[in-house]
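Me: Please take a close look at one part of this structure and set it in its surroundings. I would like a single connected account, with the cut-offs of the terms that are used.

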Amino acid sequence: MYLIILLGNSLLITISVLDSRLHTPMYFFLGNLSFLDICYTSSSIPQMLIMFMSERKSISFLGCALQMVISLGLGSTECVLLAVMAYDRYAAICNPLRYPIIMNKVLYVHMAVWSWVIGCLNSLVQTVLTMVLPFCGNNVIDHLTCEILALLKLVCSDTTMNVLIMTMASIVLLMIPLLLIFVSYIFILSSILRINSAEGRKKAFSTCSAHLTVVILFYGSALFMYMKPKSKYTKASDEIIGLSYGVVTPMLNPIIYSLRNKEVKDAVKKILSKHLYLRKI
């Protein structure tokens, strides 16, 4: 699965860079999402694989903090980035004539940068506030990775402030972006239904359904993980959900966007045919 993540997302980034037809805001955001997924999975899966094959299943304090700040930061960034991508689809479908003016290069680059900044700041604050707390007991993390919820269970002191900040961050980075995505898609659906051309409706549905599938997969598992009540906690379900948004979703992202997107498939064919032509020469 990790190899598929690396190959699929790297291929999507390469295609969007090499094909000039894909130099649009949508594929710029998609390239950011692919790069994010590569980094996100690389922060935990290699260490996880080493532990599966090794008798020594431990991680240093600094290594754990680094893993948490990277994974939490990239996960938070993805929440904002998916909302930004929904706005891009809204602008493209609801205001097609004004789209090049609305989503100019300055705006979409700034939107991507701020997605990264917000995600990283949230991660930095939560990681520092967690790692300065006193840990006691056998220091066994009952999870596959150094995940913040699993780490808070090892803390000896009061974690009320940490839980409050995490809840607020979950509302700001999960609930609000999800609400914005929901509102965007109400307007998008309304505009699609008003399109007279069957081909135009099909193309609009194709690009939006890919993004909506990714949103449901990512937000569904993230909301279950961070917004569920304590009474619903089970170790097995948390590990399955953790693998869902940490491994399965990054693996499926390039597959979903390429299989349901004619522009990506055409770009792949063009690059492959050009490569074969050069080999023949």
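**One helix and its surroundings**

Reply: With a relative accessibility of 22%, Cys94 counts as partly exposed, a class between buried, under 20% relative accessible area, and exposed, over 50% (1.4 Å probe, protein chains only). Cys94 belongs to helix α4, helices being DSSP runs of H or I with at least four residues, and strands runs of E with at least two, numbered from the N terminus. The model is predicted: local features need a pLDDT of at least 70, side-chain atom pairs count only at pLDDT 80 or more, and totals for chains, interfaces and linings use all residues. Residues are numbered from 1 along each chain as its sequence is written, and side-chain values use heavy atoms, with hydrogens and water left out.

Helix α4 covers residues 61-94. From first C-alpha to last, its 34 residues reach 49 Å, close to the 50 Å expected at 1.5 Å a residue; the expected span is 1.5 Å times one less than the number of residues. Of those 34 residues, 25 are buried, so α4 is largely enclosed by the rest of the structure. In the chain as a whole, 44% of the 281 residues count as buried. The secondary structure comprises eleven helices and zero strands.

Two C-alpha distances show where α4 meets other parts of the chain. Cys94 lies 7.2 Å from Phe187, C-alpha to C-alpha, although 93 residues separate them in sequence. Leu81 is 8.4 Å from Asn32 by the C-alpha atoms, with a sequence separation of 49 residues. Asn32 is placed in helix α2 and is buried, at a relative accessible area of 14%.

Phe61, also in α4, takes part in one of the seven aromatic pairs of the structure, in which rings of Phe, Tyr and Trp (its six-membered ring) have centres within 6.5 Å, and planes under 30 degrees apart count as stacked, over 60 as edge-to-face and the rest as tilted. Phe29 and Tyr108 form one such pair, edge-to-face, at 6.3 Å centre to centre and 75° between the planes. That pair joins distant parts of the chain, Phe29 in helix α2 (residues 25-42) and Tyr108 in helix α6, 79 residues apart. Phe29 is buried, at 0% relative accessibility, and Tyr108 is buried at 11%. The rings of Phe61 and Phe135 have centres 6.3 Å apart and planes at 75°, so this pair too is edge-to-face. Since Phe61 sits in helix α4 and Phe135 in the loop between α6 and α7 (148-152), the pair ties together parts that are 74 residues apart in sequence. Phe135 is partly exposed, with a relative accessible area of 23%. Elsewhere, ring pairs link Phe28, Phe29 and Tyr108 into a cluster.

Just before α4 comes the loop between α3 and α4, where Ser58 is found. Ser58 is partly exposed at 33% relative accessibility. Its C-alpha is 9.3 Å from that of Ile141, 83 residues away in sequence.

Ile141 leads on to the largest pocket. A pocket is an open set of points, on a 1 Å grid over the protein atoms alone, where a 1.4 Å probe fits and protein lies on both sides within 12 Å along at least five of seven lines; lining residues have an atom within 4 Å of a point. This pocket is lined by 26 residues, and Met51, Lys57, Ile59, Ile141 and Cys146 lie nearest its centre. Helices α3 (45-53), α4 (61-94) and α10 (235-259) are the elements that give two or more residues to the lining, and α3 supplies the largest share, four residues. The lining divides into 14 nonpolar, eight polar and four charged residues, where Ala, Val, Leu, Ile, Met, Phe, Trp, Tyr, Cys and Pro count as nonpolar, Asp, Glu, Lys and Arg as charged, and the others, Gly among them, as polar.

Confidence is given by pLDDT, the predictor's score for each residue from 0 to 100. The chain averages 83, and 89% of the residues score at least 70. The mean is highest in helix α6 (residues 105-131), at 93, and lowest in helix α11 (residues 262-280), at 65. Where pLDDT is low, the predicted coordinates should not be read in detail.
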